[in-house]
Amino acid sequence: MSPRTETTLRIVAPIAVGLIVLGFWQFLVSVVGVSDYLLPSPASIVEELIAYWPSVVQATLLTGTNALLGLIVGSIFGIAVAALAARWRPIDQMSAPVVASLAVIPIVALAPVLNSMFGADSQFGRQAIAALASFVPVFINTLRGFRQTTPVHRDLMKAYAATSGQVLRTLTLPTARPFILTGIRIASSLAVISALVAEYFGGPRGGLGGLISTSAASSAYARAWAYVVASIALGLLFYLATLGLERLLQRRVPTTTAPNRTTKGPT
């Protein structure tokens, strides 16, 4: 298979599967007769999406902003704490139970508490939840990446009298780069999910999560699904953006190839 054909299949195959699913979905509603409150038809969802397009765009921007701020802050703190934990063993031992506790905190329990703490008009609680959700995968992957440097490389840097900053910049970070980017890519989806779920439990209205809940409560199921479609698009946008960033940065990493060796026969 040629590279061009493989690239074409990667684009065409998901689109074909999506069209098949939508066709089967429409068949279930139109022919089989599934009720709208159980499963609205794709046509009615598209109609609601067009009718409430300004509201969808505004809600998507609000939820996306909260998720983006949480992703950035959580990633920065995750990388910083992982760097300290890799450098000093006591910090590593102290951070391990804290990270394990953060990983198992349910969003549905934390969201009402933070929304009550920071007020009904503040978005900070949702941003904090997105940051906490992003912190854990970034920290775990970054710490693993920092530990990939071999002792011989570290000893070589010491032999050259390199400072801690030079070791971090020239050895540790380049080695950990793939792990850091993988953690950020995983955290991007978690940030969107956390921001959405946090909007269900109080706080200012206007986000996708709150509008989904309000629409479903008022029996506007097609409209609720329209906001769900916007949420899916937002999550895919975050994932594809981080995936593109990962490929862009990894493409700039210099690679070394072993020199060709030729064997000469006896003359």
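**Exercise 1. Classify Arg 147 by its accessibility, then describe its salt bridge.**

Solution. Step 1: Arg 147 has a relative accessible area of 48%. Buried means under 20% relative accessible area, exposed means over 50%, and partly exposed lies in between (1.4 Å probe, protein chains only). Arg 147 is therefore partly exposed.

The model is predicted: local features need pLDDT of at least 70, side-chain atom pairs count only at pLDDT 80 or more, and totals for chains, interfaces and linings use all residues. Residues are numbered from 1 along each chain as its sequence is written, and side-chain values use heavy atoms, with hydrogens and water left out.

Step 2: A salt bridge is a side-chain nitrogen of Lys or Arg within 4 Å of a carboxyl oxygen of Asp or Glu. Arg 147 forms one with Asp 92, and the closest N and O atoms are 2.3 Å apart.

Step 3: Arg 147 lies in the loop between α6 (124-146) and α7 (151-159), whereas Asp 92 belongs to helix α4 (residues 89-103), so the pair ties together parts that are 55 residues apart in sequence. Helices are DSSP runs (H or I, at least four residues), numbered from the N terminus.

Step 4: Asp 92 is buried, at a relative accessible area of 15%.

**Exercise 2. State how many salt bridges the structure holds, and describe the pairs of Arg 185 and Arg 223.**

Solution. Step 1: The structure holds 3 salt bridges.

Step 2: Arg 185 meets Glu 246 at 2.6 Å, N to O. Because Arg 185 is in helix α8 (residues 164-198) and Glu 246 in helix α10, this pair ties together parts 61 residues apart in sequence. Arg 185 counts as buried at 19% relative accessibility, and Glu 246 counts as buried at 12%.

Step 3: Arg 223 pairs with Glu 48, their closest N and O atoms being 3.6 Å apart. This pair links distant parts of the chain, helix α10 (residues 221-251) and helix α2 (residues 42-51), 175 residues apart. Arg 223 is partly exposed at 24%, and Glu 48 is partly exposed at 24%.

**Exercise 3. Describe the largest nonpolar core and the contacts of Val 192.**

Solution. Step 1: A nonpolar core is a set of buried Ala, Val, Leu, Ile, Met, Phe, Trp, Tyr and Cys residues joined through side-chain atoms within 4.5 Å.

Step 2: The largest has 34 residues, and those with the most contacts inside it include Val 192 and Phe 238. Helix α8 gives the most to this core, with 8 residues.

Step 3: Leaving aside neighbours within four places in sequence, Val 192 is in contact (heavy atoms within 4.5 Å) with Ala 67, Leu 234, Gly 235 and Phe 238.

Conventions:
Helix = DSSP H or I, 4+ residues; strand = E, 2+ residues; numbered from the N terminus.
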